[in-house]
Amino acid sequence: MKAYKYIQTPLGKYLLAENGKGITFLEHVAMELDPRIEKEIAAGEMLEADTPLLLEGERQLQQYFNGERQEFELPLDAAGTPFQLKVWEALRQIPYGETRSYKEIAIAVENPKGVRAIGMANNRNPISIITPCHRVIGTNGKLVGYAGGLHLKEYLLNHETKVAIEKGLIKADI
């Protein structure tokens, strides 16, 4: 069964979805639902429910926002091309409180000239935060491209940096 749940966070409402095998979607809900999810809900293919996996996902997300969790332990089942799946796995390897450039991710997935392709894969990431596309920045260190808006990306990076410094995971720049 495909199911979804709305979750309140310090950034507003997120929609978390699963398909019985793993988490398939986590996205900030701005004005309207993502068309992919809206279609499944409208067709009755996805129901609002408190499944054990969605409740665990909500618990882990609340721990993340409370600064108690740096890594997620949830089964994921994102739909994507083999290249996208490879990029999303590389994103999950970026340590909490750190960032990587699009170029660094391109090199990590053995496609050093594929910076734009990395950007497109990031843009298609259906499981934000858990697959931390917010940790990818421009080569010049600037915040670029985030589906939820740069203000969300900035919040997430600042949150992670603050927690990582407090926990001694990274050193503060003096």
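Trainee: Which residues are linked with Lys-5 in a network of salt bridges?

Mentor: Look for a side-chain nitrogen of Lys or Arg within 4 Å of a carboxyl oxygen of Asp or Glu; that is what counts as a salt bridge. Here Lys-5 is linked with Asp-50 and Glu-58 in such a network. A search of the whole structure turns up 9 salt bridges. Mind that this is a predicted model, with local features needing pLDDT of at least 70 and side-chain atom pairs counting only at pLDDT 80 or more, while totals for chains, interfaces and linings use all residues. Residues are numbered from 1 along each chain as its sequence is written, and side-chain values use heavy atoms, leaving out hydrogens and water.

Trainee: How high is the pLDDT that the chain averages?

Mentor: pLDDT is the predictor's confidence in each residue, from 0 to 100. This chain averages 91, and 98% of the residues score at least 70. Among the elements of the chain, α1 has the lowest mean, 84, and helix α2 (residues 52–65) has the highest, 98. The element names come from DSSP runs numbered from the N terminus: helices are H or I over at least four residues, strands are E over at least two.

Trainee: Back to the salt bridges. Which parts does the pair Glu-40 and Lys-2 tie together?

Mentor: Their side chains meet at 2.9 Å, N to O. Glu-40 sits in helix α1 (residues 35–42) and Lys-2 in strand β1 (residues 2–9), so this pair ties together parts 38 residues apart in sequence. For the surroundings, use relative accessible area: under 20% is buried, over 50% exposed, and in between partly exposed (1.4 Å probe, protein chains only). Glu-40 is buried at 17%, whereas Lys-2 is partly exposed at 33%.

Trainee: And Arg-135 with Glu-160: how far apart are the closest N and O atoms?

Mentor: They are 2.8 Å apart. This pair also links distant parts of the chain, with Arg-135 in the loop between α5 and β6, and Glu-160 in helix α6 (residues 150–166), 25 residues apart. Both Arg-135 and Glu-160 are buried. Now try Glu-166 and Lys-162, whose closest N and O atoms are 3.6 Å apart. Those two both lie in helix α6, 4 residues apart, about one turn of the helix. Glu-166 and Lys-162 are both exposed.

Trainee: Which residues of helix α3 are buried?

Mentor: Start with the general idea: an α-helix has 3.6 residues a turn, so residues three or four places apart point the same way. In α3 (residues 82–92), the buried ones are Gln-84, Val-87, Trp-88, Ala-90 and Leu-91. They cover an arc of only 155 degrees around the axis (taken from the directions from the axis to the C-beta atoms), which puts them on the same side of α3. Those buried residues pack against α4 (102–108), α5 (115–123) and β6 (136–137).

Trainee: At what angle do α3 and α5 pack?

Mentor: Two packed helices are described by the angle between their axes and the distance between the axes. For α3 and α5 the angle is about 85 degrees, with the axes 9 Å apart. That makes α3 roughly perpendicular to α5. The α3 side of the contact (heavy atoms within 4.5 Å) is Phe-83, Gln-84, Val-87, Trp-88 and Leu-91, and the α5 side is Ala-117, Ile-118, Ala-121 and Asn-122.

Trainee: What about strand β3? Is Ile-23 buried or exposed?

Mentor: Ile-23, which lies in β3, is buried at 0% relative accessibility. Leaving aside residues up to four places away in sequence, Ile-23 touches a list including Leu-16, Leu-53, Leu-74 and Ile-127. Glu-27 is also in β3, which runs over residues 23–28, and counts as buried at 15%. With the same sequence neighbours left out, its contacts include Lys-13, Tyr-14, Asn-125 and Ala-147.

Trainee: Last one: what is phi of Glu-110?

Mentor: Most residues other than glycine have a negative phi. Phi of Glu-110 is near 60 degrees, a positive value in a residue other than glycine. Glu-110 is in the loop between α4 and α5 and is exposed at 68%. Ile-129 has a positive phi too, about 65 degrees. Ile-129 lies in the loop between α5 and β6 and is buried at 2%.

Technical notes:
Axes fitted to C-alpha atoms, helices over the stretch in contact; angles between N-to-C directions. Parallel < 35°, antiparallel > 145°, perpendicular 65-115°, else oblique.
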